[in-house]
Amino acid sequence: MSASPVARQAVAQAVPQNIPRRVTINSPAELPNDYSTTPGGTLFSTTPGGTRIIYERTFLMQMRNSPLAKTPPKNLPVIPGVTAKDTEVVHRENGTIVEEPEKPEATDVDNQFEMDL
Amino acid sequence: MNNKANHSVAFQNDKKQAKGEEESKEHGDVSPEMLIKHPLQNTWTLWFFKIENNRTWEDCQMEIASFNTVEDFWALYNHIESASHLKLGCDYSMFKQGIKPMWEDEHNCRGGRWLINLNKQQRATELDNFWLEVLLLMIGEAFAEHSDEVCGAVVNVRSKGDKIGVWTADVKKGESILKIGD
C-alpha cells in the first residue's frame, strides 16, 4: 500500500508520546485504509508542537493522473514554448512517453540570448 | 557563499521508480481520495524566465501560476513544457509564495544554494527527472522541520550545461542546510 498524506509531527520528535490505548492488529484487513487514520479510530487531529503536511513521493506521483489534475489551471498565461505550443516545440501528450529525435543543440538565435548566471 | 555539491549520485535511486509510475493505470472506479484536493503546507509559485531585449532582468521573470494543493501542482505541471524543452537561456523557478526568484529578495539574501550541475547529455536523460524530484521534495515538505529553510528552486537551461539550484534561507543555519543537502 502506498503512502497517503501523512501529517507528521515535525518538531519534538524525541519527546515520548503518551499513547492512551493500544490496538492489536490481527490481520491486514484491520489496518486503516488511510495513513491519516489510526486503527480503532483516529486519536489525534493535531499533534503537539504543530503539524506539517508531508507527502511522500509515491503518493505525489500517484496523484499525477488524478482527474483533478487533467484540466489546466485557470488564467494560465499564454507563453509560447511554455504554456502554449511553440512552432519549434512538439508538445508531448501527457502520460505518453515518446522518444523524440534529439534536436540539434542551440540555434544561433538561442545563443545570442544566452546568459550564464 | 554557495554550498556547492555535485549531487547526481544521491538522486539516482529515485529516478528508477519514475517510469513505472508514469505509465500507471487508468483507474476503473475512482476512489474518493481522487476527488478531494490534498492541501500543501505551503503555497508555491512557478516562474518562467526568459531574457528579452529592452526589459530589466527582473521584468523578465514571469509569474506563471500559484498553487496550494497536490492536484493543482499536477494540473500546472502536466500542462507546461518540460524543463528539457525550454529554449536555451530560460529558467523555471518554483518558490514559496511571496519570495521572488532572485537573490535580492529579503528571504533569499542571507541564503545560499545547493547546486546540481548537469552535463549536456543529461538534459535528455536526467534534467526533467531531477527537476521533478526537487519539486516533489519541496511541495511534500520532505525536509521535515528543515523545510522552513527552503525558499525554492531554480532550473537553468544553458548551452554550457544545465543547473538545478535549491535555495536556502540562511547560511547560518548550517545544520538545516546540510540536512537539506542530504
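**Figure 1. Aromatic pairs across the whole structure.** Look through every chain of this predicted model and you'll find nine aromatic pairs in total. One of them joins B:Phe49 and B:Trp57, whose rings sit 5.3 Å apart, centre to centre. The planes of B:Phe49 and B:Trp57 make an angle of 40 degrees, and the pair counts as tilted. The two partners don't share the same kind of surroundings: B:Phe49 is buried, with a relative accessible area of 0%, whereas B:Trp57 is partly exposed at 28%.

**Figure 2. An aromatic cluster in chain B.** Here four residues come together as one aromatic cluster: B:Phe67, B:Phe73, B:Trp74 and B:Tyr77. Keep B:Phe73, B:Trp74 and B:Tyr77 in mind, as they are also among the buried residues of helix H2 of chain B.

**Figure 3. Helix H2 of chain B and what wraps around it.** H2(B) runs over residues 70–77, and seven of its eight residues are buried, so the helix is largely enclosed by the rest of the structure. Which residues are the buried ones in H2(B)? They are B:Val70, B:Glu71, B:Phe73, B:Trp74, B:Ala75, B:Leu76 and B:Tyr77. The cover comes from both chains: chain A lends helix H1 (57–62), while chain B brings in strands S2 (39–49), S3 (61–69) and S4 (91–96), along with helix H3 (122–139).

**Figure 4. Helices H2 and H3 of chain B, side by side.** Zoom in on this pair and you can follow two axes that come within 12 Å and cross at roughly 155 degrees. That angle is over 145 degrees, so H2(B) and H3(B) count as roughly antiparallel to each other. As for handedness, H2(B) passes H3(B) in a right-handed crossing. On the H2(B) side, the contact is made by B:Phe73, B:Trp74 and B:Tyr77. H3(B) answers with B:Asp128, B:Leu132, B:Leu135, B:Leu136 and B:Ile139. Sort the contact residues by class and you get seven nonpolar, no polar and one charged.

**Figure 5. A closer look at B:Leu135.** This leucine is found in helix H3 of chain B. Is B:Leu135 buried or exposed? It's buried, with a relative accessible area of 2%. Leaving aside residues up to four places away in sequence, B:Leu135 touches B:Phe73, B:Tyr77 and B:Met94. Another residue to pick out is B:Phe95: it lies 40 residues from B:Leu135 along the chain, and the C-alpha atoms of the two are separated by 9.7 Å.

**Figure 6. B:Asp128, a charged residue in the helix contact.** B:Asp128 lies in helix H3 of chain B and takes part in the contact with H2(B). With a relative accessible area of 16%, B:Asp128 is buried, because the cut-off for that label is under 20%. How far apart are the C-alpha atoms of B:Asp128 and B:Ala83? They are separated by 5.9 Å, although the two residues are 45 apart along the chain.

**Figure 7. Chain A, for orientation.** Chain A has two helices and two strands, and reading along its sequence gives the pattern β-β-α-α. Of its 117 residues, 25% are buried. Take the contacts in chain A with a separation of 6 or more: 58% of them are between residues 24 or more positions apart. Helix H1 of chain A is also part of what covers the buried residues of H2(B).

Technical notes:
Residues numbered from 1 in each chain as written. Chains lettered and ligands numbered in written order. Predicted model: local features only at pLDDT ≥ 70, side-chain atom pairs only at ≥ 80, totals over all residues. Heavy atoms only, no water. Buried < 20%, exposed > 50% of the residue type's maximum accessible area, 1.4 Å probe, protein only. Helix = DSSP H or I, 4+ residues; strand = E, 2+ residues; numbered from the N terminus. Contact = heavy atoms within 4.5 Å. Phe/Tyr/Trp six-rings, centres within 6.5 Å; stacked < 30°, edge-to-face > 60°. Axes fitted to C-alpha atoms, helices over the stretch in contact; angles between N-to-C directions. Parallel < 35°, antiparallel > 145°, perpendicular 65-115°, else oblique. Left-handed = near helix turned anticlockwise from the far one by under 90°. Nonpolar A, V, L, I, M, F, W, Y, C, P; charged D, E, K, R; others polar.
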